[in-house]
Amino acid sequence: MEIEKNVPLPMARGKHGQIRTVADKMNVGDSVVVQNASQAQALVQRLRRQSGGDPAATTRKLDDDTYRVWRTK
């Protein structure tokens, strides 16, 4: 086996991995459109965990039945 340094970690896989990746990249004031309420709720929960339990996001349903999530903290 060979030890390698500075190899970047690949993006997480699956639905929850994508949510984690998006949440990690979001800054305060950023928003993202998701396809359904369960994805919106998962993203809000992830952002809340990252902020230490404080509400850190808000969600609105759009006219085309998608959802937009904003990071607020």
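Three strands make up an open sheet here, arranged in the order β1-β3-β2 with antiparallel pairing; strands pair if DSSP finds at least two bridges between them. β1 (31-34) and β2 stand at the edges with a single partner strand each, so one side of each has no neighbour in the sheet. From one strand to the next, the twist averages 20°.

This is a predicted model, in which local features need pLDDT of at least 70 and side-chain atom pairs count only at pLDDT 80 or more, while totals for chains, interfaces and linings use all residues. Residues are numbered from 1 along each chain as its sequence is written, and side-chain values use heavy atoms, leaving out hydrogens and water.

Let us look at the pairing of β2 with β3. Five antiparallel bridges join β2 and β3, and R60 has R68 in β3 as its bridge partner. Helix α2 (residues 37-50) lies across β1, β2 and β3 and runs at about 5° to β3. Such angles run from 0 to 180 degrees between N-to-C directions, with axes being lines fitted to C-alpha atoms, for helices over the stretch in contact (heavy atoms within 4.5 Å). Helices (H or I, at least four residues) and strands (E, at least two) are DSSP runs, numbered from the N terminus.

Two residues other than glycine have a positive phi, as listed here.

| Residue | Phi | Place |
|---|---|---|
| N6 | near 60° | segment before α1 (14-25) |
| D65 | about 65° | loop between β2 (57-61) and β3 (67-71) |

Is N6 buried or exposed? N6 is exposed, because its relative accessible area is 80%, and exposed means over 50% (buried is under 20%, partly exposed in between; 1.4 Å probe, protein chains only).
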